[in-house]
Amino acid sequence: MSTHEERNPLTVVSPRSRRRRLQGRLMELLASLAALIAIVVLLVVIFSVAKRGLPAVNADLFTQVAAPFGVEGGGIKNAIIGTLIMTAMATAMAVPVGVLLAIFDTEFASPQVSVAIRMTLNVLAGVPTIVIGIFIFGLVVVSNGQSAFAASIALAIIILPVIARATEEVLLLVPSTLREGSMALGATRARTVVSVILPSAFGGIVTATIVGVARAAGETAPILFTSSIFANAVVTDPSQPMASMPFAIFTNSESPSQHDQQVAWAAALLLMAFVLIGSIAGRLLSLRTRRQIEQMR
Amino acid sequence: MEMTGMQRVTKTAALAMALAVVALAAACGSSGSSGSSSGGGSTSTVLTGAGSTLVAPLISQWEPDYAKSAGITITYGAVGSGGGIDAITNRTVDFGASDAPLSTDQATACKSCLQIPWALAATVVTYNVKGVPDKLKLTGPVLAAIFSGSITTWNDSQIASLNPGVNLPSTHITPIYRSDGSGDSYVFTSYLSAVSSDWKSKVGASTQPAFPTGQGAEKNSGVAAAVQATDGAIGYVAVSYIAADSLNEALLQNAAGQYPEPTTKAITAAADAVTTIQPDGSVPLVNPPASAPDAYPMSTYSYAIIPQTSPKAKQLKAFLTYAIGPTGQAFGPDLGFPPLPSAIVAHSKTVIAKITT
Amino acid sequence: MTTTNLDPSSIPLPTRRRPRFGETGLRLLAGATALLLVAIMALLVYETVRQARPSIQEFGLGFITSDQWNAVTDQFGAFNFIIGTLLTSVVALVIAVPMAIAIGLFLSELAPRVLRTPVGVMVELLAAIPSVVLGLWGILVMGPFLAAHVEPWLSDHLGFIPLFSGYPSSQGVLPACVVLSIMVVPIVASISRELFLSVPSDLKQGAMALGATRWEMVRSVMLPYVSGGLVASTMLGFGRAVGEAIAVTQVIGGANAISRSLFPPGDTMASRIAAQYAGTPTALSRSSLAYLAVLLLIISLITNIAAQLISGRLQRRLGGAA
């Protein structure tokens, strides 16, 4: 107790160590400031969209299509329906392929093939979405015309790596004891996957799907060349081009009409709410799945 | 029991995969005829088109009226004249709309497409400068100098000398042009090429010219928005957008030295002054001769681009006849489009007659 | 005592069961998706190069150094847009990477534990904002704000630097840089955070035990340890910035020429494709836009593979050092 009175060499504050401490504090402050700026920017964007979008969210938005030239008013009914349909189609194509790809990658492939697949997925994830738009335009639209289907294919290609990687992560989390136990009981690899691993990883697959849907709903570049010439009415036939929310935001953002700009903000609000809620839900679900899998250890 | 469960899962997965593969295969495989039409053949009740944003206001008036009278739904995508030419060349739509006639290469690529004048309108110069009133006077060479960057401020002597009594600020000029393939760009740059040999040699006329300075925007609405949002901006839009968005309009000096407003009367005067139909079916109206003192110098026809053979020939002919006829043209004047001269109507009718299945 | 009269040779050996349809089925199916992935990648490259071929044949590598883009004379070159792409992406990285590394540090070391998850989530949410919404905000809010308040200030105080000279403009390279940095920050921040979390605690504690302040520990131990990973994450951020078309084309103003200043309109490769591809007048202009896409593809492939190689090497080193 009395040692507190003596000078403890470890706590002596010399001018030099004071400077070092100050420098340290300053750097930490800057780091906190950086985080603060990032949060502020996020809040500013959300706030801008909400402030300008909320007043424009009314019944008209959901029940009307765009007004003809020179007439004020109109909504994005066809765009909302178009996005729902195209996102659903893209997810329906990407989820089976993505999950199977992840299964192949983690369970069946040899290590070298596994690395190659992961690398290819990462490369595909890095391809600019506008290039994917040109790709599908040349492949599908030039010979068959624009369609929601073509747009969905482009969207599916974009979200495929997202879903495959997320599924892979959760498949790898499943403890090897489960795998080994199953094999010890005489099950084959495939049997193990279907009856043991997939059920444990199911929450993760749902998360991957949610993340994929949120991503697909917000992409604009693939739609520019595949579904940009559409009827000003609700279209439900996937072989026809459809309006979509990202495209509606894109065109209305460059419009001189105050009303059109407000529609753009409202659509942005809806889209952002959908995407942000999806991201948060995906995260919560992913945490829950992780905890469940941890408990299996 | 467990084995069948296993097989069930595998079969479901196989089905989903098969769907995905079939989807991709269908996308690659099928040869396209008239792609986006719901069922080809002459019984379809839908006509799809794409192109010019200049004529889009008029078409949006035709759509409900024609649906009522003929029961045919017109779906039009206003993506710009360039996009319309592309779409009809690929036959992904039934008709294209362009204010710029097809170039030789485009005509070859389109494989016997017909150009049918179906509307008469104009491109108008608009500007937004704080403190400067509407109807500023400009000449072609001054306009060319502005858009090539030689004149950079609004109080430049060349502009001031044309507008005595107008208090011009020293605001920097921001030229706004179309970045997409645009018939209005074609009309604008054709006019500038006609009145300025410097412009003609440096930039020339095109639906997508290489403007040396300024800011690009998509579609007429984009240019209107950009001009509205920028103090000191000057741009060009189709005539309907001036009234619709309450934009300023600049008065251009025509060959006779007059400064006509772009009214239907002035546009008609231009159309009456130029009656020669070019071999490709186009009638360029920019910079009419001095013999037409009231003519607006940046007038233009807008053309429907139709393939000579089309499975929807019947519907197309009926629609085009409606469009160039009195019913269709009646919607024009409120939007700034004067009615087509009768000689042009007659010409269009003969071209329409060439469309076959 | 009963002894079963068992002759060892009479005990039937367990027969090797032929795999049921279900098992081979799943294996084949899963393998087929891998083939599908390769097919998609190959088709992607093939189709883009096919569309670009007329332009590649016409201009060859001179396309990269030519600054012409003229549909009237049918002369095209990517130079202005390569510069535009590099300018916007590099400025975005300069703004975003230090900030993101600082955020990664904050989330892994500095923040009070209770703040780490919420702040981390919010930073990741930045990545979830659709690019078209960022572009909308850029056109109608951020661009005008920059032109009215930030650019005049920069021009007045730092105007001697060519980057900040010229007239303020609400559409231009600077708003594009801001938008791109918003997109890059979450990518680099989340990777940085994981990298910092992976530094072995004995290394960190060792430095602290030797008397280093927390910042000195970061600077002398953590940063060098994760430097390779940070480089990899920067490359991923660069790839993202280079490839962004929509938000950039909404705010950059689609100009044909490049300028040394950040204020006036410009254009990038991706943005030009988005603005001009649908409805470009000549076959060669369309093909040249596809050539731009090929260049984009090459850049994204190189940055992506380089980033993966660097992080692969890093993982092996980490695995060995542990």
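Helices here are DSSP runs of H or I at least four residues long, and strands are runs of E at least two long, both numbered from the N terminus. On that basis, chain C has eleven helices and two strands. The model is predicted.

## Chains A and C

Take chain C from its N terminus. The order of elements is α-α-β-β-α-α-α-α-α-α-α-α-α. Both strands thus follow the opening pair of helices in the sequence. Chain A has eleven helices and zero strands. Its pattern is α-α-α-α-α-α-α-α-α-α-α.

The table sets out the overall figures for these two chains.

| Chain | Residues | Radius of gyration | Compact globule value | Box along principal axes | Buried residues |
|---|---|---|---|---|---|
| Chain A | 297 residues | 26 Å | near 19 Å | roughly 90 × 60 × 35 Å | 52% |
| Chain C | 322 residues | 27 Å | near 20 Å | about 110 × 65 × 35 Å | 55% |

For chain A, the radius of gyration is 26 Å, where a compact globule of 297 residues would have one near 19 Å. For chain C, the value is 27 Å, against near 20 Å for a compact globule of 322 residues.

Contacts within each chain reach across the sequence. In chain A, take the contacts with a separation of 6 or more: 79% of them join residues 24 or more positions apart. In chain C, 76% of the contacts between residues at least 6 apart join residues at least 24 apart.

## Where chain C meets chain A

How many residues does each chain bring to this contact? Chain C gives 70 residues and chain A gives 66 residues. On the chain C side, helix α1 (residues 21-59) supplies the largest share, with 19 residues. By class, that side holds 51 nonpolar, 14 polar and five charged residues.

One helix pair shows part of the packing between the two chains. Helix α1 (residues 15-53) of chain A packs on helix α8 (residues 214-243) of chain C. Their axes are 7 Å apart, at an angle of about 75°. Angles of 65 to 115 degrees count as roughly perpendicular, and α1(A) and α8(C) are therefore roughly perpendicular to each other. From α1(A), the contact uses A:R20, A:Q23, A:G24, A:M27 and A:E28. From α8(C), it uses C:R214, C:W215 and C:E216. Sorted by class, this helix contact has two nonpolar, two polar and four charged residues.

## Helix α8 inside chain C

Helix α8(C) also packs within its own chain. Its partner there is helix α6 (residues 173-197) of chain C. The angle is about 150° and the axes are 9 Å apart. The cut-off for roughly antiparallel is over 145 degrees, so α6(C) is roughly antiparallel to α8(C). The crossing of α6(C) past α8(C) is right-handed.

The residues in contact on α6(C) are C:L180, C:M183, C:V184, C:I187, C:V188, C:I191, C:S192, C:L195 and C:F196. On α8(C) they include C:M222, C:V226, C:G229, C:L230 and C:S233. Also on the α8(C) side are C:T234, C:L236, C:G237, C:R240 and C:A241. The class count for this pair is 13 nonpolar, five polar and one charged.

## Where chain C meets chain B

Here chain C contributes 31 residues and chain B contributes 35 residues. Which elements of chain C give two or more residues to its side? They are α1, β1 (69-70), α10 (269-276) and α11 (283-321). Helix α1(C) gives the most, with seven residues. The chain C side divides into 15 nonpolar, 15 polar and one charged.

## Two lysines in chain B

Most residues other than glycine have a negative phi. Two lysines of chain B are worth a look in this respect. B:K111 has a positive phi of about 55°. B:K111 sits in the loop between α4 (104-110) and β4 (113-128) of chain B. Is B:K111 buried or exposed? The cut-off for exposed is 12 or fewer C-beta neighbours within 10 Å. B:K111 has 11 inside 10 Å, so it counts as exposed.

B:K135 also has a positive phi, near 65°. Its place is the loop between β4 and β5 (137-138) of chain B. B:K135 has 12 C-beta neighbours inside 10 Å and therefore counts as exposed.

Conventions
Residues are numbered from 1 along each chain as its sequence is written. Chains are lettered from A and ligands numbered from 1 in the order in which they are written. This is a predicted model: local features need pLDDT of at least 70, side-chain atom pairs count only at pLDDT 80 or more; totals for chains, interfaces and linings use all residues. The radius of gyration is taken over C-alpha atoms; the globule rule is 2.2 Å times the number of residues to the power 0.38. Two residues are in contact if their C-beta atoms, placed from the backbone, lie within 7 Å. Ala, Val, Leu, Ile, Met, Phe, Trp, Tyr, Cys and Pro count as nonpolar, Asp, Glu, Lys and Arg as charged, and the others, Gly among them, as polar. Axes are lines fitted to C-alpha atoms, for helices over the stretch in contact, and angles run from 0 to 180 degrees between N-to-C directions. Angles under 35 degrees count as roughly parallel, over 145 as roughly antiparallel, 65 to 115 as roughly perpendicular and the rest as oblique. A crossing is left-handed if the near helix is turned anticlockwise from the far one by less than a right angle, and right-handed if clockwise.
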